[in-house]
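Let's walk through this structure together, starting from a single loop residue and working out to the sheets and helices.

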Amino acid sequence: MGLLNKIFSKKAVLPPMDLGRLKADMHSHLIPGIDDGAETVKASIELIEALHELGYTKLITTPHIMSDYYKNDANIINEGLETMRAELIKRNIPVELDAAAEYYLDYEFESKIDGKELMTFGDNYVLFEISFLNEPEQLDSVVFKMRTSGYTPVLAHVERYPYWYGNPTQYEKLVTMGVLLQLNISSLGGQYGPQTMKIGRQLIDNNMIDLLGTDCHNMNYIEILRSTLTDPHLHKVINSGKLLNAGL
Ligand SMILES: [Fe+2]
């Protein structure tokens, strides 16, 4: 290949994306001390300031609710939310903070659907995650139950479930069932390995991503987010016009 060809085939580096275009993040672990995210108020403030610097003006934080590990409920989450809101006012940090939850699909989750007691954001959206090891047998029926109860299910980090990597029609099936698909931005920066990155890119190329999340737990996530800002697929998905973040 000649020198000129080499020069012109080299891809231009994109400018860093302003995440302010998304306005709102809808997946993070910022309530101190109740899951595997921020451990202290100080750590939480540090993360909120860093996310604000990246451009976000609204953060809908989503602590884990998982029967076996994180026995959180709306009272615990809302109490932590009020603490952090007061801290933001005290420190003059102009970020709107709200909370929902990241529900793990387990035996207690179904009963919470029946009791209509799920924490939601946006238009009755419910963020839920599933096992990384096997597809849960009850996935279809639980999604159906959420839909018929008036909720819109949002599958957390859809690109991170390895058992679907050889079966891309599964993603179409989720969309047909009425599930919104959320991608972790840091997957595009390689946080979870090359396979997860590849699936994330494919989902963006197929215009299937509805929401972007940081899934921010600690400052390592912020570092990876920063290094992902020039990624062409991040630019592509934000320019897709499909994302719902800004309306949250
Ligand atoms: Fe999460």
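Two residues count as being in contact here if their C-beta atoms, placed from the backbone, lie within 7 Å. Keep in mind that this is a predicted model.

**Two loop residues**

With that cut-off, Ser-67 touches Asp-106, Tyr-107 and Glu-108, once residues up to four places away in sequence are set aside. Ser-67 itself sits in the loop between β3 and α3. Is Ser-67 buried or exposed? A residue counts as exposed with 12 or fewer other C-beta atoms within 10 Å, and as buried with 20 or more. Ser-67 has 12 C-beta neighbours inside 10 Å, so it counts as exposed. As for Tyr-107, its C-alpha atom is 7.8 Å from that of Ser-67, though 40 residues of chain lie between the two positions.

Ala-101 is a loop residue too, found between β4 (96-99) and β5. Ala-101 has 26 other C-beta atoms within 10 Å, so it is buried. Leaving out neighbours within four places in sequence, the contacts of Ala-101 are Thr-62, Pro-63, Ile-65, Asn-72, Ile-77, Met-119 and Leu-127. Trp-164 is another matter: it is 63 residues from Ala-101 along the chain, and their C-alpha atoms are separated by 24 Å.

**The sheets**

Now for the strands. Strands of a sheet pair through backbone hydrogen bonds, in either a parallel or an antiparallel sense. One open sheet here has 6 strands, in the order β3-β5-β6-β7-β8-β9, with parallel pairing. β3 (64-65) and β9 (211-213) are at its edges with a single partner strand each, so one side of each has no neighbour in the sheet.

Another open sheet has 3 strands in the order β1-β2-β4, again with parallel pairing. Its edge strands are β1 and β4, each of which pairs on one side only.

Here are some of the strand pairs, with a pair of bridge partners or opposite residues for each.

| Strand pair | Sense | Bridges | Residue pair |
|---|---|---|---|
| β5 (residues 102-104) and β6 (residues 125-129) | parallel | 3 bridges | Tyr-104 and Glu-129 |
| β7 (residues 152-155) and β8 | parallel | 2 bridges | Leu-155 and Leu-181 |
| β1 and β2 | parallel | 2 bridges | Ala-24 and Lys-58 |

How much of β8 (residues 180-184) is buried? The count is 4 of its 5 residues, so β8 is largely enclosed by the rest of the structure.

**Helices α2 and α3**

Next, take α3 (residues 74-90). This helix has 17 residues and reaches 24 Å from its first C-alpha to its last, close to the 24 Å expected at 1.5 Å a residue. Its buried residues include Ile-77, Gly-80, Met-84 and Leu-88. These cover an arc of only 85 degrees around the axis, which puts them on the same side of α3. That spacing is easier to picture if you recall that an α-helix has 3.6 residues a turn, so residues three or four places apart point the same way. On the other side of α3, Asn-75, Glu-79, Glu-82, Ala-86, Ile-89 and Lys-90 are exposed. The cover over the buried residues of α3 includes α2 (41-53) and β4. After α3 comes Asn-92, with a positive phi near 55 degrees.

What about α2? Its 13 residues should span 18 Å at 1.5 Å a residue, and its end C-alpha atoms are indeed 18 Å apart. Ser-44, Leu-47, Ile-48 and Leu-51 are buried in α2. Seen down the axis of α2, the buried residues fall within an arc of 100 degrees, so they line one face of the helix. Lys-42 and Glu-53, on the other side of α2, are exposed. The buried residues of α2 pack against β1 (24-25), β2 (58-61), α3 and α8 (219-228). Just after α2, Gly-55 has a positive phi of about 125 degrees.

Finally, how do the two helices meet? The axes of α2 and α3 come within 11 Å and cross at roughly 65 degrees, and the crossing is right-handed. On the α2 side, the contact is made by Val-41, Ser-44, Ile-45 and Ile-48, and on the α3 side by Thr-83, Met-84, Glu-87 and Leu-88. Ser-44 and Ile-48 are also on the list of buried residues in α2, just as Met-84 and Leu-88 are on that of α3.

How values were computed. Residues numbered from 1 in each chain as written. Predicted model: local features only at pLDDT ≥ 70, side-chain atom pairs only at ≥ 80, totals over all residues. Pairing = 2+ DSSP bridges. Expected span 1.5 Å × (residues − 1). Arc of directions from axis to C-beta. Axes fitted to C-alpha atoms, helices over the stretch in contact; angles between N-to-C directions. Left-handed = near helix turned anticlockwise from the far one by under 90°.
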